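Please open the model in the viewer and keep the selection panel at hand. The tour proceeds one selection at a time.

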Amino acid sequence: MGKRYHCEYCDKTLVAAPSTIRTHNNGAVHQKLVNDHYQQFKDPETILEEESSKRLCTRYITSQCPFGSICRYSHYTPEEINNLKYYVAEKNKLQTKKPVSFGDIYEKFIVDNTTQLTTKENESVIYDSNGYTHILPWAYNPIFDNYSDLPLSIKRLKMSDFDNINIVTWG
């Protein structure tokens with residue numbers, strides 16, 4: 001049967017002769033489908049640049065333009081062009097804001113962590129009568145201090161709780 005060429009854009013299979021492929025690729029239908037495919041990946045700035053220099057297609061207004069996306073005239077209305085200009089301007093305005101430097105992020109991180117550590121350390125430090133300081137590896141929730149009937153597992157520990165304790169076995 002011979003070698004075959006399949007065009008992904010047109011979904012057609014052709015004889016793999018160079019002249020046939022060249023003729024197909026130069027055809028209006030193929031160029032329109034290729035342009036339609038790549039149009040979906042264009043950014044708004046590129047579309048605005050291309051379409052603002054074109055005049056409005058009079059055939060497209062009456063829905064009779066046979067060229068579609070390969071038409072040399074614009075298929076965007078003036079209102080759509082203005083909306084595109086507004087969108088591009090807003091996008092550029094967001095990009096021109098001062099970028100945050102690594103140093104700023106680092107300083108913010110250090111300040112946040114030191115304030116969190118100092119508050120956690122104040123909540124989880126116990127001083128005993130011998131002058132020893134015990135830093136517990138967890139932090140208490142100060143909301144629980146308002147309740148008196150808490151189980152021992154969530155009650156805030158005090159050194160007086162351990163004064164008269166007799167540990168016989170461990171574990």
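Select Ser63 to begin: its relative accessibility is 67%, so Ser63 counts as exposed. The cut-off for that class is over 50% relative accessible area. The model is a predicted one. Ser63 lies in the loop that links helix 4 (58-61) with helix 5. Although Ser63 is not a glycine, its phi is positive, at about 60°.

Next, widen the selection to residues 51-78. UniProt, in an unreviewed entry, places here the feature "zinc finger region: C3H1-type". Over residues 51-78 the chain is 25% helix and 0% strand. The C-alpha atoms at the two ends of this stretch are 10 Å apart.

Now select helix 3, residues 44-52. Which residues of helix 3 are buried? They are Pro44, Ile47, Leu48 and Glu51. These residues lie on the same side of helix 3, because they cover an arc of only 100° around the axis. Add helix 2 (28-39) and helix 5 (78-95) to the display: the buried residues of helix 3 pack against both.

Move then to Asp11, in the loop between strand 1 (4-7) and strand 2 (12-15). Asp11 is not a glycine, yet it has a positive phi of about 60°. With a relative accessibility of 60%, Asp11 counts as exposed.

Finally, select Phe102, Tyr106, Phe109 and Ile110 and show their surface. Together they form a nonpolar patch on the surface, with an accessible area of about 460 Å². Phe109, one of the patch residues, belongs to helix 6, which spans residues 102-123.

Terms used: Residues are numbered from 1 along each chain as its sequence is written. This is a predicted model: local features need pLDDT of at least 70, side-chain atom pairs count only at pLDDT 80 or more; totals for chains, interfaces and linings use all residues. Side-chain values use heavy atoms; hydrogens and water are left out. Patches are made of residues with over 30% relative accessible area and no salt bridge: like charges are joined within 9 Å, nonpolar side chains (Val, Leu, Ile, Met, Phe, Trp, Tyr) within 5 Å. Accessible areas come from the Shrake-Rupley method with a 1.4 Å probe; for residues, only the protein chains shown count as cover. A salt bridge is a side-chain nitrogen of Lys or Arg within 4 Å of a carboxyl oxygen of Asp or Glu. Helices (H or I, at least four residues) and strands (E, at least two) are DSSP runs, numbered from the N terminus. Buried means under 20% relative accessible area, exposed over 50%, partly exposed in between (1.4 Å probe, protein chains only). The arc is that of the directions from the helix axis to the C-beta atoms. Contact means heavy atoms within 4.5 Å. UniProt positions are given in the numbering used here, feature names are shortened, and annotations may be inferred rather than shown by experiment.
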